[in-house]
Amino acid sequence: MPDIEPTNEKKVVKQDKLVQLIVFRLGDEEYGIRIEQVKEVTVTPDIARMPKTPSFVKGIANLRGDIIAIIDLEERFKLRSATTPLTGVSYTLAVEAKDYTIGIVVREVPQPLSIPVSIIEKAPEFIQDINIHDKYIEGIAKVDERIIIVLDMLKLLSPEEIMQLQPKTESSPAPARTKG
């Protein structure tokens with residue numbers, strides 16, 4: 001017969017580490033980004049289209065003095081056709097990586113959500129193996145009846161795509177002009 005613990009002793013329950021996500025909808029699915037990867041959330045500013053960029057790059061925008069590339073993840077993930085325009089009010093999540101900041105366009109206000117790290121399950125290998133270089137799905141969280149796909153934004157863009165978005169500062173500088 002197993003020993004029964006007295007009820008007056010307090011059990012030490014190890015607290016599961018929480019992770020804070022910013023959750024948003026793309027198509028019919030919910031996605032989350034770790035809050036430490038999100039610099040800010042704002043109404044999408046005016047976007048200037050850039051030539052010779054992938055179609056999912058909507059252009060560049062001035063976000064509080066910083067010029068950042070604005071990316072449409074619905075189009076990047078092929079959840080919506082490139083010919084379907086973004087309409088109405090949208091929001092931009094400014095995501096900061098080591099070498100760049102990008103803006104992610106979403107259609108509704110992103111919501112914060114705290115969940116235990118332990119409920120984020122590793123994405124099934126067959127999903128990750130479809131695109132070997134695209135390991136940007138950190139995992140999948142089941143919260144009540146919701147399924148939230150947790151993204152690692154630092155792995156979202158390939159090195160080639162990052163190079164296309166960065167300003168060309170390495171080229172030889174143009175001679176300075178002075179007013180005379």
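In this predicted model, E96 and K39 form a salt bridge in which the closest N and O atoms are 3.9 Å apart. The pair links distant parts of the chain, since E96 belongs to strand β6 (residues 91-96) and K39 to strand β3 (residues 38-43), with the two positions 57 residues apart in sequence. E96 is partly exposed, with a relative accessible area of 40%, and K39 is likewise partly exposed, at 40% relative accessibility.

A second pair joins E108 to R25, again with the closest N and O atoms 3.9 Å apart. Because E108 lies in the loop between β7 (101-106) and β8 (111-116) while R25 lies in strand β1 (residues 18-26), this salt bridge ties together parts of the chain that are 83 residues apart in sequence. E108 has a relative accessibility of 41% and counts as partly exposed, and R25, at 30%, falls in the partly exposed class too.

The side chains of D152 and K155 also meet in a salt bridge, with an N to O distance of 3.9 Å. Here the two partners fall on either side of the 20% limit under which a residue is called buried: D152 is buried, with a relative accessible area of 15%, whereas K155 is partly exposed at 45%.

The three pairs are set out below.

| Acidic residue | Basic residue | N to O distance |
|---|---|---|
| E96 | K39 | 3.9 Å |
| E108 | R25 | 3.9 Å |
| D152 | K155 | 3.9 Å |

Side chains of opposite charge can pair when their charged atoms come close. By the rule applied here, the count for the model comes to eleven salt bridges. Beyond the pairs in the table, R34, E36 and E138 are linked with one another in a network of salt bridges.

A further acidic residue, E74, is described here through its burial and its contacts. E74 lies in helix α1 (residues 73-76) and is buried, with a relative accessible area of 6%. Its side chain reaches the backbone nitrogen of G27 at 2.6 Å. When residues up to four places away in sequence are left out, E74 touches L26, G27, L79, R80 and R107. G27 therefore appears both as the residue whose backbone nitrogen is reached by the E74 side chain and as one of the residues that E74 touches, while the burial of E74 follows from its 6% relative accessible area, a value under the 20% limit.

Methods. Residues are numbered from 1 along each chain as its sequence is written. This is a predicted model: local features need pLDDT of at least 70, side-chain atom pairs count only at pLDDT 80 or more; totals for chains, interfaces and linings use all residues. Side-chain values use heavy atoms; hydrogens and water are left out. Helices (H or I, at least four residues) and strands (E, at least two) are DSSP runs, numbered from the N terminus. Buried means under 20% relative accessible area, exposed over 50%, partly exposed in between (1.4 Å probe, protein chains only). A polar contact is a pair of N or O atoms within 3.5 Å; within protein, one must be able to donate a hydrogen and the other to accept it, and residues adjacent in sequence count only if both atoms are side-chain atoms. Contact means heavy atoms within 4.5 Å. A salt bridge is a side-chain nitrogen of Lys or Arg within 4 Å of a carboxyl oxygen of Asp or Glu.
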